[in-house]
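Work through the exercises below with the sequence and the structure side by side. Try each task before reading its solution.

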Amino acid sequence: MKLETLMIKAIREFKKANPKAEIRSCYVASGFGSWQKWIDAEFHIEYVLESGGEYQSTDIHVAAN
């Protein structure tokens, strides 16, 4: 699975749990795999809950299956 596909999966999971949050950054913190063959990954997401709000962060782990 492409890393981009895993990132989309992580963002969707995050948005289900935090529908009012606005993501400010999302990057891969760790993972297992290589070029277009990623097995799993952990993404670090920074977000705010309101305009001008304080930044918060969380890590989301997703797997290919």
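**Exercise 1.** Find how many bridges join S1 to S2, and in which sense the two strands run.

Solution. Step 1: S1 and S2 are joined by nine bridges and run antiparallel. Strands here are DSSP runs of E with at least two residues, helices are runs of H or I with at least four, and both are numbered from the N terminus. Two strands count as paired if DSSP finds at least two bridges between them. The model is a predicted one: local features need pLDDT of at least 70, side-chain atom pairs count only at pLDDT 80 or more, and totals for chains, interfaces and linings use all residues. Residues are numbered from 1 along each chain as its sequence is written, and side-chain values use heavy atoms, leaving out hydrogens and water.

Step 2: Take one bridge as an example: Tyr27 has His44 in S2 as its bridge partner.

Step 3: Recall the general rule. Strands of a sheet pair through backbone hydrogen bonds, either parallel or antiparallel.

**Exercise 2.** Extend the pairing to the whole sheet and state the order of its strands.

Solution. Step 1: Strand S2 (residues 40-48) also pairs with S3, over eight bridges in the antiparallel sense. Here Ile45 stands opposite Thr58 in S3.

Step 2: The result is an open sheet of three strands in the order S1-S2-S3, with antiparallel pairing. Strand S1 (22-32) and strand S3 (56-63) are the edge strands, since each pairs on one side only.

Step 3: On average, neighbouring strands of this sheet are turned by 20 degrees against each other, direction ignored. Axes are lines fitted to C-alpha atoms, for helices over the stretch in contact, and angles run from 0 to 180 degrees between N-to-C directions.

**Exercise 3.** Decide whether His44 is buried or exposed, and list what His44 touches.

Solution. Step 1: His44 lies in strand S2.

Step 2: Apply the cut-offs: buried means under 20% relative accessible area, exposed over 50%, and partly exposed in between (1.4 Å probe, protein chains only). His44 counts as buried because its relative accessibility is 15%.

Step 3: Contact means heavy atoms within 4.5 Å. Not counting residues up to four places away in sequence, His44 touches Ser25, Cys26, Tyr27, Ala29, Ser57, Thr58 and Asp59.

Step 4: The side chains of His44 and Asp59 are joined by a polar contact of 2.7 Å. Such a contact is a pair of N or O atoms within 3.5 Å; within protein, one must be able to donate a hydrogen and the other to accept it, and residues adjacent in sequence count only if both atoms are side-chain atoms.

**Exercise 4.** Check the length of H1 and find which of its residues are buried.

Solution. Step 1: The expected span of a helix is 1.5 Å times one less than its number of residues. For the 15 residues of H1 this gives 21 Å, and the end C-alpha atoms are 21 Å apart, so the values agree.

Step 2: Leu6, Ala10 and Phe14 are the buried residues of H1. They are on the same side of H1, because they cover an arc of only 75 degrees around the axis. The arc is that of the directions from the helix axis to the C-beta atoms.

Step 3: An α-helix has 3.6 residues a turn, so residues three or four places apart point the same way.

Step 4: The buried residues of H1 pack against S1, S2 and S3. The face turned away from this buried side carries the exposed residues Glu4, Arg12 and Lys16.

**Exercise 5.** Place Trp38 in the chain and find how far its C-alpha atom is from that of Met1.

Solution. Step 1: Trp38 sits in the loop between S1 and S2, whereas Met1 belongs to the segment before H1.

Step 2: Trp38 and Met1 are 37 residues apart along the chain, yet their C-alpha atoms are separated by 5.2 Å. For Met1 and Leu49, 48 residues apart in sequence, the C-alpha distance is 31 Å.

Step 3: Met1 is partly exposed, because its relative accessible area is 35%. Leaving aside neighbours within four places in sequence, Met1 is in contact with Leu6, Gln36, Lys37, Trp38 and Ala64.
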